[in-house]
Amino acid sequence: MSRGQLVTLDGPGGAGKSTLLQLVTGRLEAAGVTVHATTEPSHGPAGQLARGSTAIFHGHALACLVAADRYYHVETEIEPALGAGKVVICDRYVPSSYALQVLDGVDQHFVAAINAHAPQPDLAVILTCDPVILQQRLATRGSHGRFEDNPDISYAESARFRVIAKMLPTEGIRTLVLDSTRHHADFLARQLTTVIQTLRSLPHQ
Ligand SMILES: Nc1ncnc2c1ncn2[C@@H]1O[C@H](COP(=O)(O)OP(=O)(O)OP(=O)(O)O)[C@@H](O)[C@H]1O
Ligand SMILES: Cc1cn([C@H]2C[C@H](O)[C@@H](COP(=O)(O)O)O2)c(=O)[nH]c1=O
């Protein structure tokens with residue numbers, strides 16, 4: 001059995017990560033590909049704590065809690081699914097820590113150090129969107145925690161993810177930037193599905 005592929009989806013809140021995850025999963029499964037769709041913070045104990053406690057945990061404490069959840073998630077869910085040959089698509093991964101934890105005052109080197117043993121994705125997707133549109137989407141949907149209570153978060157996150165999208169390829173990570181400002185989620189899902197299928201056909205994945 002050949003190993004599966006790890007595809008990560010990161011980007012500002014409201015960019016459309018969970019929508020894209022759902023659509024791509026449906027398309028790949030319809031094409032006969034087995035997908036493990038997952039999210040971070042995970043549904044494990046540390047992940048549940050992190051997701052519900054961004055008002056309590058700040059800075060280094062939240063960075064470590066999110067990283068601890070990530071290692072647990074890798075060990076209990078991601079690696080077993082990759083070992084079973086599945087495509088694992090994860091809504092938020094290390095790039096979100098490079099964005100959110102740095103915006104929360106944590107040095108990027110510290111974030112890199114505590115995530116150094118998380119496996120690198122085979123494809124890192126950064127989903128971008130005009131911050132004005134993001135603000136509208138967040139206002140309609142409501143806040144998902146402390147970060148989104150900041151009225152400038154869409155601008156700050158967008159700027160961070162632009163930096164991260166340039167940084168990941170320098171670390172040898174295959175990176176795809178998709179923009180949900182003008183493109184319908186179905187169009188983006190079609191594009192990403194094609195890229196993942198191409199990735200699966202490459203040798204030595
Ligand atoms: N390509 C798109 N074009 C227009 N609207 C979109 C697009 N993708 C998602 N949306 C809409 O934007 C809103 C936010 O989408 P979604 O919940 O998928 O974002 P998200 O990135 O997962 O957010 P968060 O990280 O904060 O949970 C939803 O109302 C969704 O229907
Ligand atoms: C992966 C990851 C998550 N977080 C925090 C930020 C948000 O409060 C939640 C994720 O919620 P969403 O519905 O996906 O927007 O978790 C974080 O601080 N750092 C991370 O790496």
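**Pockets and ligand environments**

The largest pocket of this predicted model encloses about 670 Å³ of space. Its lining is made up of 32 residues, and those closest to the centre of the pocket are Glu40, Arg51, Arg92, His144 and Glu148. Six helices each contribute at least two residues to this lining, namely H1 (17-30), H2 (45-52), H3 (59-83), H4 (94-103), H6 (131-141) and H7 (146-149). Among the contributors, helix H4 provides the largest share, with four residues. By class, the lining of the largest pocket comprises 12 polar, 11 charged and nine nonpolar residues.

The largest pocket is the space taken by ligand 2. Around ligand 2 lies a shell of 15 residues, of which Arg70, Arg92, Ser97, Gln101 and His144 are the closest. Arg92 and His144 are also listed among the residues closest to the centre of the largest pocket. Helices H3, H4 and H7 each supply at least two residues of the shell around ligand 2. The largest share of this shell comes from H4, which gives four residues, just as H4 supplies the largest share of the lining of the largest pocket. The shell is divided by class into five nonpolar, five polar and five charged residues.

Polar contacts to ligand 2 involve several of these side chains. A side-chain N or O atom of Arg70 is placed 3.1 Å from an oxygen atom of ligand 2, and a polar side-chain atom of Arg92 is found 2.8 Å from an oxygen atom of the ligand. For Gln101, a polar side-chain atom is positioned 2.8 Å from a nitrogen atom of ligand 2. Of the 480 Å² of accessible area that ligand 2 has on its own, 93% is covered by the protein.

Ligand 1 is surrounded by 17 residues, and the closest are Lys17, Ser18, Thr19, Arg141 and His183. Helices H1 and H6 each supply at least two residues of this shell; H1 gives the most, with three residues. The shell around ligand 1 consists of nine polar, five charged and three nonpolar residues.

Both backbone and side-chain atoms make polar contacts with ligand 1. A backbone N or O atom of Gly14 is 3.0 Å from an oxygen atom of ligand 1, whereas Ser18 places a side-chain N or O atom 2.7 Å from an oxygen atom of the ligand. The side chain of Arg92 has an N or O atom 3.4 Å from an oxygen atom of ligand 1. Of the accessible area of ligand 1 on its own, 630 Å², the protein covers 71%. Arg92 thus has side-chain polar contacts with ligand 1 and with ligand 2.

The second largest pocket has a volume of about 200 Å³. This pocket is lined by 15 residues, with Val94, Tyr98, Gln120, Glu171 and Ile173 the closest to its centre. Helix H4 again makes the largest contribution to the lining, here with three residues. The lining of the second largest pocket holds 12 nonpolar residues, two polar residues and one charged residue, whereas that of the largest pocket contains nine nonpolar, 12 polar and 11 charged residues.

Definitions and conventions: Residues numbered from 1 in each chain as written. Chains lettered and ligands numbered in written order. Predicted model: local features only at pLDDT ≥ 70, side-chain atom pairs only at ≥ 80, totals over all residues. Heavy atoms only, no water. 1 Å grid on protein atoms, 1.4 Å probe; cavity = no way out; pocket = protein on both sides within 12 Å on 5 of 7 lines; lining within 4 Å. Points joined across faces, edges and corners; volume = space filled by probe spheres on them. Nonpolar A, V, L, I, M, F, W, Y, C, P; charged D, E, K, R; others polar. Near = heavy atom within 4 Å. Polar contact = N/O pair within 3.5 Å; in protein donor to acceptor, adjacent residues only side chain to side chain. Areas by Shrake-Rupley, 256 points an atom, 1.4 Å probe, with all protein chains shown as cover. Sits in = over half its atoms within 2 Å of the grid points.
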